[in-house]
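Reader: I'd like a close look at one part of this model, with the surroundings filled in as you go. Keep it informal, and take your time.

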Amino acid sequence: MTAALTCEGAKRMCSQGFRSPDPAKSEYSTYAKVIEDKFPQEAPELFSLHPNAEIGYLTNQGFSIFKTVQGISGSDAGAVAMDISASKDILTQYLEELPTDLDMMEIRSRLRDEDYTPYVIASLQESDRMNLLLQRIRGSLQELELGIGGQLNVTEGMEKLADALQLNRVAEMWRELAYPSLKPLGMWFADLLKRADQLVHWTGAQNGLLLSTWISGLFNPMAFLTAVMQVTARDRAMPLDFMTNRVTFLNIMDPADYLGAPATGVYVHGLFLEGASWEEGKGDEEGYITASKMKELHTQMPVVNVFSVLGEEMSWEGMYRCPVFMTAERGATYVTMVNVHMDRDDDERVWVLAGAALVLTDDGR
């Protein structure tokens with residue numbers, strides 16, 4: 001397998017038979033001339049990448065250019081500030097659509113001491129953070145509204161918020177309390193409403209757990225995954241340090257199509273696969289990671305059963321150690337690593353080179 005992989009990679013790097021000059025008969029000038037005259041056109045395949053890599057790069061480059069042009073024409077880069085009154089209609093719409101804070105006193109009053117399971121605690125932590133964000137958004141929009149109406153002096157913060165609303169960007173004062181996201185303001189706000197709605201249902205669930213949790217809608221998804229290990233560790237009377245999470249991808253895309261509770265662990269949904277695609281399994285057979293499809297940059301993943309096992313029971317045979325990130329920006333948005341089933345003939349290094357990873361949000365830009 002190693003030799004085959006190496007030869008295949010070398011073939012791609014040689015761009016369909018491109019040959020290097022004979023070093024015994026060539027000098028520096030010969031190499032330079034070959035590179036200038038005969039070197040193949042730069043393409044993702046030369047670097048063992050899928051053509052989708054170039055599509056993603058050019059798409060991001062295009063967004064970056066438009067963002068720069070938009071910034072130059074707005075209040076960025078020392079340009080003249082926009083008229084804050086032009087943001088009046090936008091802020092009015094957001095104020096009307098913004099949900100009320102979750103009533104934490106009412107929610108906690110319904111809980112008995114024995115109800116405080118790790119899942120319930122996770123839902124309370126998420127709700128507290130959502131309330132802080134909703135209060136920041138509501139307060140800043142109301143201040144801007146008063147500033148536009150002449151009832152308050154216009155501050156630099158108000159001007160920046162007005163500019164962000166008009167440029168369809170998430171205000172920095174909101175981003176400080178929010179979650180990592182690459183979405184423009186309109187899509188970000190719609191996403192916020194979905195997150196708040198899930199928390200309303202989650203805090204109202206009788207057993208403190210939804211049938212399937214939209215894990216992409218959490219501020220801290222790792223805290224929820226840790227709760228899975230905590231519950232299992234308590235049930236098995238084992239130290240938490242001995243536990244690790246394992247996942248199984250079901251052959252169901254919509255959580256509403258599955259009515260039963262998992263035998264162990266929890267169901268989550270909202271994952272996307274980047275750098276690869278997904279081959280759906282048949283019957284009870286789990287699907288597996290496969291080569292990317294053209295122009296499909298983010299493949300929506302099926303519902304996932306997350307459950308915990310002892311570290312010594314965890315097997316990575318036939319599995320790709322797939323990193324999970326909150327956004328396609330990756331980096332500091334890293335969450336955890338999960339086992340992703342591979343085809344029996346696959347080598348894990350193929351997916352490492354492809355940069356295959358799971359992301360919790362589709363940028364949707």
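My way in is Asn168: is this residue buried, exposed or partly exposed, and why does it count that way?

Author: Asn168 counts as partly exposed, because its relative accessibility is 36%, which falls between the 20% and 50% cut-offs. Bear in mind that this is a predicted model. Asn168 sits in the loop that links helix 7 to helix 8, and its backbone has a positive phi of about 60° even though the residue is not a glycine. That positive phi comes just after helix 7, so let's take the helix before the loop, then the helix after it.

Helix 7 runs over residues 156-166. Its buried residues are Met158, Leu161, Ala162, Asp163, Ala164 and Leu165. A bit of background helps with the spacing: an α-helix has 3.6 residues a turn, so residues three or four places apart point the same way. As for what lies over the buried residues of helix 7, the cover includes helix 4 (88-97), helix 6, helix 8 and helix 9 (185-203).

Met158 is one of those buried residues. Its relative accessibility is 6%, which is why Met158 counts as buried. Setting aside residues up to four places away in sequence, Met158 touches Glu143, Leu144, Gly147, Leu152 and Asn153. Among these partners, Glu143, Leu144 and Gly147 fall within the 118-148 span of helix 6. For a distance to check on screen, try Met158 and Glu145: they are 13 residues apart in sequence, and their C-alpha atoms are 9.2 Å apart in space.

Now cross the loop to helix 8, residues 172-175, where you'll find Trp174. Trp174 counts as buried because its relative accessibility is 0%. Leaving out neighbours within four places in sequence, the residues in contact with Trp174 are Leu133, Arg136, Ile137, Ser140, Leu141, Leu161, Leu165, Leu185 and Trp188. Two of these, Leu161 and Leu165, are also on the list of buried residues in helix 7. Ser140 is another of the contacts; the C-alpha atoms of Trp174 and Ser140 are separated by 8.9 Å, with their positions 34 residues apart along the chain.

Trp174 also takes us into the interior. The largest nonpolar core has 68 residues, and Trp174, Trp188 and Leu192 touch the most other members. Helix 6 (residues 118-148) supplies the largest share of this core, with ten residues. As a general point, nonpolar side chains tend to be buried together in soluble globular proteins.

How far should you trust all this? Helix 6 is where confidence is highest in the protein chain, at 97, while helix 1 (residues 2-13) has the lowest, with a mean of 39. Residues 1-14 have a pLDDT below 50, and this stretch makes 14 contacts in the model beyond near neighbours in sequence. Residues 75-80 are also below 50, with nine such contacts. Where pLDDT is low, the predicted coordinates should not be read in detail. Over the protein chain, the average pLDDT is 86, and 89% of the residues score at least 70.

Stepping back, the protein chain has eleven helices and eleven strands. Of its 365 residues, 40% count as buried. Look at contacts between residues at least 6 apart in sequence, and 70% of them join residues at least 24 apart.

For something to set beside Asn168, go to Ala237, which is not a glycine either and has a positive phi of about 55°. Ala237 is in the loop between helix 10 (221-235) and strand 2 (243-249). With a relative accessible area of 67%, Ala237 is exposed, whereas Asn168 is partly exposed.

One last stop is the empty space. There is one cavity of 30 Å³ or more in the structure, and the largest cavity holds about 30 Å³ of space. Its lining consists of Leu211, Ser212, Pro255, Tyr258, Tyr267 and Val303. By class, that makes five nonpolar residues, one polar and no charged ones.

So, back to where you came in: Asn168 is partly exposed at 36% relative accessibility, in the loop between helix 7 and helix 8. Before that loop, helix 7 has Met158 among its buried residues; after it, helix 8 holds Trp174, which is buried at 0% relative accessibility.

How values were computed
Residues are numbered from 1 along each chain as its sequence is written. This is a predicted model: local features need pLDDT of at least 70, side-chain atom pairs count only at pLDDT 80 or more; totals for chains, interfaces and linings use all residues. Side-chain values use heavy atoms; hydrogens and water are left out. A nonpolar core is a set of buried Ala, Val, Leu, Ile, Met, Phe, Trp, Tyr and Cys residues joined through side-chain atoms within 4.5 Å. Buried means under 20% relative accessible area, exposed over 50%, partly exposed in between (1.4 Å probe, protein chains only). Helices (H or I, at least four residues) and strands (E, at least two) are DSSP runs, numbered from the N terminus. Contact means heavy atoms within 4.5 Å. pLDDT is the predictor's confidence in each residue, from 0 to 100. On a 1 Å grid over the protein atoms alone, a cavity is a set of points where a 1.4 Å probe fits but cannot get out, and a pocket is an open set with protein on both sides within 12 Å along at least five of seven lines; lining residues have an atom within 4 Å of a point. Grid points are joined across faces, edges and corners, and a volume is the space filled by probe spheres set on the points. Ala, Val, Leu, Ile, Met, Phe, Trp, Tyr, Cys and Pro count as nonpolar, Asp, Glu, Lys and Arg as charged, and the others, Gly among them, as polar.
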